[in-house]
Amino acid sequence: MRWIVIALCLSGCGANFQTSFNPASPYQQIPVGSMVVLKQALEVSAHRTRLFLQLGETMQLEDFDRYKANCNFELNSLTDGVQTIQPQTFTIKRVEGLMVEVVDRLPQYRFVSVGLDDQGTPMVTQGYHFWLDSTQQPEVLRLSCRGAFDDMWASQPPSIDEIQQTMGDLAEIQLAL
């Protein structure tokens, strides 16, 4: 009986409570081996390594709305010219969670009384890095997708449905079985 209780306790340690089989849930996992199908050529501007996608349109870092889901393709190299990512099917070889906290670089007050410096919960965005594999375009490093920028307690990674909406007709994810 004692071994059964120990086994049940230890099996609970391995459970992941943030998973779902619903593509509308932010906790449905995109498995390694899934495919990212790029349907049209994307141009990454000179002196940039990333091109952002939101609501089916391409944009630069300074142009997208951080309070909505967004994705970006990232290249390995920075160049002086425009780089083009050609339409292709990329294999996801690694999935990595991400959380980015945005902080204020300039303090609002030079002197703060003890106990009055609490600025509340940090603002974060959560998401995933999908590391891509391609023998035809090895310079394409990864696709990163983030959910809406929000308070830490309310922030969630994007759902598969949100990722698909973000990429629109430009690209899609095909889940591995």
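Tyr-67 is exposed in this predicted model, with a relative accessible area of 53% (exposed means over 50%, buried under 20% and partly exposed in between, for a 1.4 Å probe and protein chains only). The model being predicted, local features need pLDDT of at least 70 and side-chain atom pairs count only at pLDDT 80 or more, while totals for chains, interfaces and linings use all residues. Residues are numbered from 1 along each chain as its sequence is written, and side-chain values use heavy atoms, with hydrogens and water left out.

Aromatic pairs make a good place to start. The count comes to three, where rings of Phe, Tyr and Trp (its six-membered ring) pair if their centres lie within 6.5 Å, with planes under 30 degrees apart taken as stacked, over 60 as edge-to-face and the rest as tilted. One of them is the stacked pair of Phe-52 and Phe-64, at 4.7 Å centre to centre and 20 degrees between the planes. Phe-52 belongs to strand β3 (residues 50-54), whereas Phe-64 is found in the loop between β4 (57-59) and β5 (70-75), twelve residues apart; helices (H or I, at least four residues) and strands (E, at least two) are DSSP runs, numbered from the N terminus. Both Phe-52 and Phe-64 are buried. Tyr-67 and Phe-149 form an edge-to-face pair, with 5.4 Å between centres and 70 degrees between planes. Because Tyr-67 lies in the loop between β4 and β5 and Phe-149 in the loop between β9 (140-146) and β10 (150-151), this pair ties together parts that are 82 residues apart in sequence. Unlike exposed Tyr-67, Phe-149 is buried, at 14% relative accessible area.

Charged ends also meet rings here. A charge sits over a ring if NZ of Lys or CZ of Arg is within 6 Å of the ring centre and within 35 degrees of the ring normal. Arg-66 places its charged end over the ring of Phe-64, 4.5 Å from the centre, and Arg-94 does so over Trp-131 at 4.2 Å.

Phe-64 and Arg-66 return in the second largest pocket, where they are among the lining residues closest to the centre, together with Val-100, Thr-125 and Arg-146. The volume of this pocket is about 230 Å³. Strand β7 (88-102) is one of the elements that give two or more residues to the lining, and β7 gives the most, with three. On a 1 Å grid over the protein atoms alone, a pocket is an open set of points where a 1.4 Å probe fits, with protein on both sides within 12 Å along at least five of seven lines; lining residues have an atom within 4 Å of a point. Points are joined across faces, edges and corners, and the volume is the space filled by probe spheres set on them.

Turning to the interior, the largest nonpolar core has 25 residues, of which Phe-73, Ile-85, Phe-130 and Leu-143 touch the most other members; such a core is a set of buried Ala, Val, Leu, Ile, Met, Phe, Trp, Tyr and Cys residues joined through side-chain atoms within 4.5 Å. Leaving aside neighbours within four places in sequence, Phe-73 is in contact with residues including Val-36, Ile-85 and Leu-143 (contact means heavy atoms within 4.5 Å). Val-36, in strand β1 (residues 35-38), is buried at 0% relative accessible area. Val-36 and Leu-175 are 139 residues apart in sequence and 8.8 Å apart in space, C-alpha to C-alpha.
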